[in-house]
Amino acid sequence: MNSADAIVIGGGLIGSAVAYGLARLGLRPLLIDGADDALRASRANFGLVWVQGKGLDRPEYADWSRQASALWPDFAAELAEQAGSPVPYSRPGGVALALSEDELEQSVALLETLRHQAGGNSYPYEVLDHDRLAAMLPGLGPRVVGGTYCPLDGHTNPLKLLRALHAALIRLGGRYLGGREVTGIAAAPGGYRVDCGNGECFEAGKVAIAAGLGNRKLAAMVGLKVPVGPLWGQIVVTERCQPLFDMPTLHLRQTDEGSFLLGASEQDLGCETPARADAMRDMAARNAAMFPFLEGLQIVRTWSGLRVMTPDGFPIYDRSPSHPGVFVVTGHSGVTTAANHALRLAPWIAEGALPEAIAALGSHRFDVHASAA
């Protein structure tokens, strides 16, 4: 029981999607997770499957996000069947709302740049005025001057997604071990050994490091530089009410259970995760300006968490040069890219190589040569 075909380190959305993807190929993956008090981005997630605005100056990531969006409908349906539990997912498109003409102009300029950088690839979006948006979003306030709409955007319930990934992994013959801290990764006969302390170790032919903020330390064990750091964010949750609209916005969405989630906060606070009253006030004020009916709803809870960020904001997909069967997977869009991680990245890891199409997302882009220092 101490051997597997592949070991995935990190049981959040990214690691769980990779492990599920390996299991659906017929492999026997082992998913090693940390303790319940670990810093987890997956349980503090807004739940958007979002393409709009992603990939500025990095067209490879813009393509990656579009491809994930295209795979999500079939991915959600298959995962729900394999797990025996629902994966609420909807793709009605998404809207980034603007409270001023300057905001709207900035959004349009960004999307036009992305469309130009996409070259022959499609980057669809529309600019909508207030009246068209009001027809799509009941309760929209008069202060909204317009917005940008992208038909590729959608949303899901990230906690139900995570539960389904774990359930499907186990049903397909994979294993999940929680409460472990990986203390070492080293070459072993026929593959690699992953140590978890107290004499507990596991062996496999492939290893995928997907431990969020822990990737910096773990990747260094196999000769990879993975400069990830925390970026604080907070979410506010209202009481449940009758469904008003299914379309998510960049700052607000109604869940499948009826609550509204208010988001769009970020700050560098290190590894602290306080729930801040000033952030709650600012998010409530902006969202109430967009949707005045929110003022009549009770706030029932709020929580904060840490995004896993690289210096340029894009993910890292790489293979260790010294341990060629060990891969690192990291990023802050674990919901959006879940379909890619399960259906595209996992097969590449199983095969033992990453394609040239995502080479630009490797860790080498952070190397600083002496001539440039």
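This passage describes a three-stranded sheet with the helix across it, and then three loop residues.

The structure is a predicted model, in which local features need pLDDT of at least 70 and side-chain atom pairs count only at pLDDT 80 or more, while totals for chains, interfaces and linings use all residues. Residues are numbered from 1 along each chain as its sequence is written, and side-chain values use heavy atoms, with hydrogens and water left out.

We can start with the sheet. Helices (H or I, at least four residues) and strands (E, at least two) are taken as DSSP runs, numbered from the N terminus. Two strands are said to pair if DSSP finds at least two bridges between them. On this basis, 3 strands form an open sheet in the order β5-β7-β6, and their pairing is antiparallel. Strands β5 (94–98) and β6 (126–129) stand at the edges with a single partner strand each, so one side of each has no neighbour in the sheet. On average, neighbouring strands of this sheet are turned by 25° against each other, direction ignored; the axes behind such angles are lines fitted to C-alpha atoms, for helices over the stretch in contact, and angles run from 0 to 180 degrees between N-to-C directions.

The pairing of β5 with β7 (residues 146–150) is antiparallel and covers 5 bridges. Within it, L97 stands opposite G147 of β7. Helix α3 (residues 101–117) lies across β5, β6 and β7, and runs at about 25° to β7.

Turning to the loops, P324 sits between β17 (316–319) and β18 (326–330). Contact here means heavy atoms within 4.5 Å. Leaving aside residues up to four places away in sequence, P324 touches Y192, R319 and G352. The C-alpha atoms of P324 and A353 are separated by 8.4 Å, although the two residues are 29 residues apart along the chain. For accessibility, buried means under 20% relative accessible area, exposed over 50%, and partly exposed in between (1.4 Å probe, protein chains only). With 42% relative accessibility, P324 counts as partly exposed.

Two further loop residues are worth a look for their backbone angles. Most residues other than glycine have a negative phi. D57, in the loop between β3 (48–49) and α2 (59–83), has a positive phi of about 65° although it is not a glycine. Its relative accessibility is 56%, so D57 counts as exposed. N198, also not a glycine, has a positive phi of about 55°. This residue lies in the loop between β11 (191–195) and β12 (201–209), and N198 is exposed, with a relative accessible area of 88%.
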